[in-house]
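Hi,

Here's the structure I said I'd pass on. Have a look first, and my notes follow underneath.

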Amino acid sequence: MTALIPVTEVAAAVDGFLAASPAARAWDVETAFDWARADADRLTDGQRSAVRFVTLIEDHLPGYFDVYHRHFPVDDTVDRATFTHNRELYHFTVRWALEEDTHARALARYQEAAGIAERGALRDELAIEGQKPFDLPYGHPVQFFAYALVQEKATQMYYQHLRDVVDEPVLAAVLGRLARDEARHFSFMADVVGRYLRVHGDGVVDPLRDVIATFRMPLADTMRGYWRWALQIADVASYDHTEAYEHLIKVIDRAVDAESDRFGELVRFIDECRTVA
Ligand SMILES: [Fe+2]
Ligand SMILES: [Fe+2]
């Protein structure tokens, strides 16, 4: 892929992410929660539905992870400079994938422990969406990071909002862990997008504009009944991915002179795409 940032830039972002993710702060599904106390009877129907929805989204991790392999290959299909860049990025993606896979397991375990779903039935239900393809139709590397920036922030905010309204301590604890991880994932993406802005300047304006103009949350195009379900979960706790756009604007403001014509125009465009301006 052309227009990458230098390997030293991506390495610095990955080092920052891993420094913010020490083993002492890691958690696991087996010991982090008191599963015996999980109780879906304390949830509303809407809250149960929201848990089922986010489990499906998190469980699609193999599809998301595969996007990085396809677009940032770590093999002999790329030149040496691209390989070294992608190899550094890989230190992030494997760690990120482990954390996202843990989210999927935590939510599935919650459903089982709380009495929302039986394990075998849930496995079969998740497989229906899990087998569907996922790809991001981008040609510029910054787009993958900008997309993930919005998606991680939107997910973080939804978990926080949902945690604020549930009256069930085990689910609240799970959502708290997930939200903190998503916040760290967001910070990495924001760091990388900032580096692209500083390295490539105007060269990333059109790619960034394209990400916002075509933005769809993951699985929005493949999941059966996605939009009906998305409206339902927004009813339970506020959910609006365009709320995350202000965080992209902040990244742009910090990295470049947003007063310049092209960036000023980009910021105005992103701002106008927000549902609540
Ligand atoms: Fe996640
Ligand atoms: Fe995440």
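The iron ion (ligand 1) is held by Glu-58 (OE, listed twice), Glu-100 (OE), His-103 (ND1) and Glu-182 (OE), with distances of 2.0 to 2.4 Å. Bear in mind that this is a predicted model. Along the sequence, these donor residues follow the pattern E-x41-E-x2-H-x78-E. Glu-100 and His-103 sit three residues apart in helix α4, about one turn of the helix, and both are buried.

Now the other metal. The iron ion (ligand 2) has Glu-100 (OE), Glu-152 (OE, again listed twice), Glu-182 (OE) and His-185 (ND1) as its protein donors, 1.8 to 2.7 Å away. The spacing for this site reads E-x51-E-x29-E-x2-H. The two iron ions, ligand 1 and ligand 2, are 3.8 Å apart, with Glu-100 coordinating both. Glu-100 in helix α4 (residues 80–114) and Glu-182 in helix α7 are 82 residues apart, so this pair links distant parts of the chain.

How buried are those two? Glu-100 has a relative accessible area of 5%, while Glu-182 comes out at 1%. Both values are under the 20% cut-off, so Glu-100 and Glu-182 count as buried.

One more residue for you: Arg-195, which is in helix α7 (residues 169–200). Its relative accessible area is 15%, so Arg-195 is buried as well. Leaving out residues up to four places away in sequence, Arg-195 touches Ile-5, Glu-9, Ala-12 and Ala-13.

Cheers

How values were computed:
Residues numbered from 1 in each chain as written. Chains lettered and ligands numbered in written order. Predicted model: local features only at pLDDT ≥ 70, side-chain atom pairs only at ≥ 80, totals over all residues. Heavy atoms only, no water. Helix = DSSP H or I, 4+ residues; strand = E, 2+ residues; numbered from the N terminus. Buried < 20%, exposed > 50% of the residue type's maximum accessible area, 1.4 Å probe, protein only. Contact = heavy atoms within 4.5 Å. Donors = N, O, S within 2.8 Å, 3.2 Å for Na, K, Ca; no water.
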